[in-house]
Every structure is written in structure tokens, then in C-alpha cells.
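Subject: Structure for your bench work, with notes

Dear colleague,

Here is the structure I promised to hand over, with the sequence alongside. My notes follow below, arranged by residue and by topic.

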Amino acid sequence: IYVIGLLVAFLRFINGDETAVSRYFTRNRERRGIEALGDGLIALAGGEGQLALAKAQRAERLLDRPDLTNLLRAQAAEMAGDQKMAESTYKALLQDDRTRFVGVRGLLRQKLDAGDTVTALKLAEKAFQ
């Protein structure tokens, strides 16, 4: 099926459609990225932190969607026990309006688990805003 799609894209390219081949490769890359993201979510739900982290990194390379891939990477890093990566990823989530609350919530949970209630209280106030 992939060969046929590539052949059709190549024929369109020969007929003057310069973007046919690039569209084919872009769609293929996005498909593999979404597949890696889905596999990562399944691994995360199954409690396999290292596998979820590997799938998140693969999805990150293939997709231009840091809002989605960072969510998976933060959760997977936390599950795998890599608190530093989880914290840095939660901080990256703060940069996007759509994921800011998730970033604050993740940092809040980390600070509570570490016993840092002063910082946790400040984060809770920020989340409330």
C-alpha cells in the first residue's frame, strides 16, 4: 500500500505537482508519530514508564506537537522515576496556555511528594488564578 502511495505521489511529481512527494512523506511521518503517541499512552496506562518514555521521545521527533508529546513525556518520566526530566517537562508545559494548568498541577504534585509545602502552596495559588 505504501509503495502504491509513493508511486502515485511520484507520478504527480512528474506531472508538475512538486509537493506531492513531500505531502506523502509528511503524512507518513505524522502517521508514525500518532502511532508512537498512541503506543506511549497505552504503555503509560499499563504502568510501563520506560517504554512510554521511549515512545514519547519517538513521537516528539516525528510530530510538531509539543503540547501533546510533552504531556506524555512528563507523565512517563514521572512513572519511570526520572523526576528531573518530569520537572523540566512540566516547566515546558507552563509556556503554552493550553497546557499551563497541567504543568502547574504536575509541579504541585511533585512538590507535595517532596514535602515542599511552601512551594506547593504558591503553585496552588497560581493554579487557582
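I begin with Leu93, which has its place in helix H5, and please keep in mind throughout that this is a predicted model. Leu93 counts as buried because its relative accessibility is 1%, where buried means under 20% relative accessible area. Once its neighbours within four places in sequence are set aside, Leu93 is in contact with Asp67, Asn70, Leu71 and Ala74, and also with Thr99, Arg100, Val102 and Gly103. From Leu93 to Ala127 the separation in sequence is 34 residues, while the C-alpha atoms of the two are 13 Å apart in space.

Thr89 also lies in helix H5, which covers residues 83-93, and at 1% relative accessibility Thr89 counts as buried. With neighbours within four places in sequence left aside, the contacts of Thr89 are Asn70, Arg73 and Ala74. Asn70 and Ala74 have already appeared among the contacts of Leu93, and Arg73 will come up again under the salt bridges.

Two residues of helix H4 deserve a note of their own. Thr69, which is placed in helix H4, is buried at 1% relative accessibility, and, not counting residues up to four places away in sequence, Thr69 touches Leu37, Ala56, Ala59 and Glu60. Thr69 and Val118, by contrast, are 30 Å apart from C-alpha to C-alpha, with their positions 49 residues apart in sequence. Glu78, found in helix H4 as well, counts as buried at 16% relative accessibility. Again not counting residues up to four places away in sequence, Glu78 touches Gln83, Ala86 and Tyr90, together with Gly106, Arg109 and Gln110.

I turn now to the charged side chains. Side chains of opposite charge can pair when their charged atoms come close. How many salt bridges does a search of the whole structure find? The search finds 10 salt bridges, and three of the pairs are described here.

In one pair, the side chains of Asp39 and Lys55 meet in a salt bridge at 3.9 Å, taken from N to O. Asp39 lies in helix H2 (residues 19-45) and Lys55 in helix H3 (residues 49-62), so this pair ties together parts that are 16 residues apart in sequence. Both partners are partly exposed, Asp39 with a relative accessible area of 33% and Lys55 at 24% relative accessibility.

In another pair, Arg73 forms a salt bridge with Glu60, and the closest N and O atoms are 3.8 Å apart. Because Arg73 lies in helix H4 (residues 66-80) and Glu60 in helix H3, the pair ties together parts that are 13 residues apart in sequence. Is each partner buried or partly exposed? Arg73 is buried, with a relative accessible area of 18%, whereas Glu60 counts as partly exposed at 31% relative accessibility. Glu60 is also one of the residues that Thr69 touches, and Arg73 is one of the contacts of Thr89.

The remaining pair I would point out is Asp96 with Arg98, a salt bridge whose closest N and O atoms are 3.1 Å apart. Asp96 is partly exposed, with a relative accessible area of 22%, while Arg98 is exposed, with a relative accessible area of 61%. Through salt bridges that share partners, Arg65, Asp67, Asp96 and Arg98 are joined into one network. Asp67, a member of this network, is also in contact with Leu93.

Finally, there are two surface patches to report. Which residues gather in a patch of positive charge on the surface? They are Arg29, Arg32, Arg58 and Arg61, and the elements that give two or more residues to this positive patch are H2 and H3. Arg32 has its place in helix H2 and counts as partly exposed at 31% relative accessibility. The other patch is nonpolar: Leu7, Phe10, Leu11, Phe13 and Ile14 make a surface patch of about 490 Å², and Leu7 lies in helix H1, which covers residues 2-14.

With best wishes

Terms used:
Residues are numbered from 1 along each chain as its sequence is written. This is a predicted model: local features need pLDDT of at least 70, side-chain atom pairs count only at pLDDT 80 or more; totals for chains, interfaces and linings use all residues. Side-chain values use heavy atoms; hydrogens and water are left out. A salt bridge is a side-chain nitrogen of Lys or Arg within 4 Å of a carboxyl oxygen of Asp or Glu. Helices (H or I, at least four residues) and strands (E, at least two) are DSSP runs, numbered from the N terminus. Buried means under 20% relative accessible area, exposed over 50%, partly exposed in between (1.4 Å probe, protein chains only). Patches are made of residues with over 30% relative accessible area and no salt bridge: like charges are joined within 9 Å, nonpolar side chains (Val, Leu, Ile, Met, Phe, Trp, Tyr) within 5 Å. Accessible areas come from the Shrake-Rupley method with a 1.4 Å probe; for residues, only the protein chains shown count as cover. Lys and Arg count as positive and Asp and Glu as negative; His and the chain ends are not counted. The place of a charge is taken as NZ of Lys, CZ of Arg, CG of Asp or CD of Glu. Contact means heavy atoms within 4.5 Å.
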